[in-house]
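Pull up the model and turn it around a little before reading on. We'll walk through it piece by piece, beginning with a loop and ending with a bit of empty space.

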Amino acid sequence: YAIMTALYTTHPEGSFRFLLGISLIIITYFIVRYHINFHLGTLEKMLLLSSKFFIVGSLLNYALGLSVMNILAEHVDFFGVTIEKGIPRMIGLNNDPNICSFACLIFFFFFLFKKGIQNKLFAGICFFCIIATLSRGGFAALILGLLSIIIIMKGKKKVHFFLFIIIFSSVLGLLIFYNYELLQPFIEKRTKGIETGGGRFAIWQNALIAIENKPIFGYGIFTFREVMGDLFNDARHAHNTYLEVLLETGIFGFILYLSCLGFILISSLKLALKYTTCRFLFPSNVAIFVAMFGLSMYLNPIFWFLLLLNSLYTKLVLSKNYQLYANQIN
């Protein structure tokens, strides 16, 4: 449907870029899914290996960036570090600290639900990486993702997890309180302008005005920046996936998009309640869908990677060999 909106867009070059981008992503998605389907029984091992490679690689690249960075070089990348407002933010193996944070969110929940000291260690490393990105959207997504785990916990585990959240939050709060002088410059710079959303609220307000002109079918996919430039002389992205989808595809496309996300969220909840192997998917979905309020992600590889995991794990637990597989990994 999004591709069809290119038929009436006033900015065909933007929609054409979307067509190229979505074609590349879909082709990659189905090639990877097709390949993994032949090795579905080793899905868990593949994800463990790839996630560890990503986390260790991101951490090493971050350390390398810290060793050579110039703190005065604004908006310059040094390996796994980018400088913003005089603050080094982790980008790891990505090109943006927010994207790095969202990728680490998926792996954090994946390791969190795995047994073993090594897996818990990697969960802790993922948590550090999310903190090191200094992503406000990443923090909010992490908190809501953690709170969503309470929904899938049963009996005493739910009480224990709730107590863990309280104790962990208290310890973290005390650490920040007793080290506030050291952390103050970082906190002030990352909270400065939060009342305006870092300038995003103004973009969102203009976008809502623009939507009133074409509310049903929108302006055409991947034209948000051009439309904002035409109407308000402010050619910037919304940094909000939902708002961009609404403006570009209209109410009809927006309802289709939310229906897809809602289906994924409900399906992952059902899987999480029934299969322990799939428990990480529900909080991961919650976290990423929350993170999408602060970033444009419908063409982002991290979003499609999450879709791939939802698809593969659904097929895994519905396969005839799942019981044998489950016995092997327990």
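Leu134 sits in the loop between helix 4 (117-133) and helix 5 (136-152). This is a predicted model, and in it Leu134 takes a positive phi of about 55° even though it isn't a glycine. That's worth a pause, since most residues other than glycine have a negative phi. Is Leu134 buried or exposed? Its relative accessibility is 17%, and the cut-off for buried is under 20%, so Leu134 counts as buried.

Now step back for the overall picture. The protein chain has 13 helices and three strands. Of its 330 residues, 45% count as buried. Take the contacts in the chain with a separation of 6 or more: 66% of them come from residues 24 or more positions apart.

With the strand count that short, let's go through the sheet strand by strand. The three strands make an open sheet in the order 1-2-3, with antiparallel pairing. Strand 1 (77-78) and strand 3 are at the edges and each has a single partner strand, so one side of each is left without a neighbour in the sheet. As a reminder, strands of a sheet pair through backbone hydrogen bonds, either parallel or antiparallel.

Start at the strand 1 end. Two bridges tie strand 1 to strand 2, and the two run antiparallel. Phe78 is the residue opposite Val81 in strand 2. These two strands form a hairpin with two residues between them. Which residue in that turn has a positive phi? It's Phe79, at about 55°, in the loop between strand 1 and strand 2. Here, too, the positive value belongs to a residue other than glycine.

Move on to the other pairing. Strand 2 (residues 81-84) and strand 3 also run antiparallel, and four bridges join them. Following strand 2 along, Thr82 has Arg89 of strand 3 as its bridge partner, Ile83 stands opposite Pro88, and Glu84 faces Ile87 across the pair. This hairpin also has two residues between its strands, and Lys85 there takes a positive phi near 55°.

What about the two faces of strand 3 (residues 87-90), are they covered or not? Both are covered. In a regular strand the side chains alternate between the two faces of the sheet. Here Ile87 and Arg89 are on one side, Pro88 and Met90 are on the other, and all of them are buried. For a helix lying over this region, look at helix 2 (residues 43-68): it lies across strand 1, strand 2 and strand 3, running at about 160° to strand 3.

Leave the sheet now and find helix 9 (224-232). In helix 9, the residues Phe224, Glu226, Val227 and Met228 are buried. What covers the buried residues of helix 9? The cover includes helix 1 (12-37), helix 8 (200-211) and helix 10. Just past the end of helix 9, Asn233 has a positive phi of about 55°.

Helix 9 also leads us to the empty space. Rolling a probe the size of a water molecule over the atoms shows where empty space is left. How many cavities of 30 Å³ or more does the structure hold? One, and its volume is about 30 Å³. The lining is made up of Phe222, Thr223, Phe224, Arg225, Glu226, His237, Glu244, Glu248 and Tyr298. The elements that give two or more residues to this lining are helix 9 and helix 10 (241-274), and helix 9 gives the most, with three. Sorted by character, the lining residues come out as three nonpolar, two polar and four charged. Two of the names here should look familiar: Phe224 and Glu226 line the cavity, and both are among the buried residues of helix 9.

Technical notes. Residues are numbered from 1 along each chain as its sequence is written. This is a predicted model: local features need pLDDT of at least 70, side-chain atom pairs count only at pLDDT 80 or more; totals for chains, interfaces and linings use all residues. Side-chain values use heavy atoms; hydrogens and water are left out. Buried means under 20% relative accessible area, exposed over 50%, partly exposed in between (1.4 Å probe, protein chains only). Two strands pair if DSSP finds at least two bridges between them. On a 1 Å grid over the protein atoms alone, a cavity is a set of points where a 1.4 Å probe fits but cannot get out, and a pocket is an open set with protein on both sides within 12 Å along at least five of seven lines; lining residues have an atom within 4 Å of a point. Grid points are joined across faces, edges and corners, and a volume is the space filled by probe spheres set on the points. Ala, Val, Leu, Ile, Met, Phe, Trp, Tyr, Cys and Pro count as nonpolar, Asp, Glu, Lys and Arg as charged, and the others, Gly among them, as polar. Contact means heavy atoms within 4.5 Å. Axes are lines fitted to C-alpha atoms, for helices over the stretch in contact, and angles run from 0 to 180 degrees between N-to-C directions.
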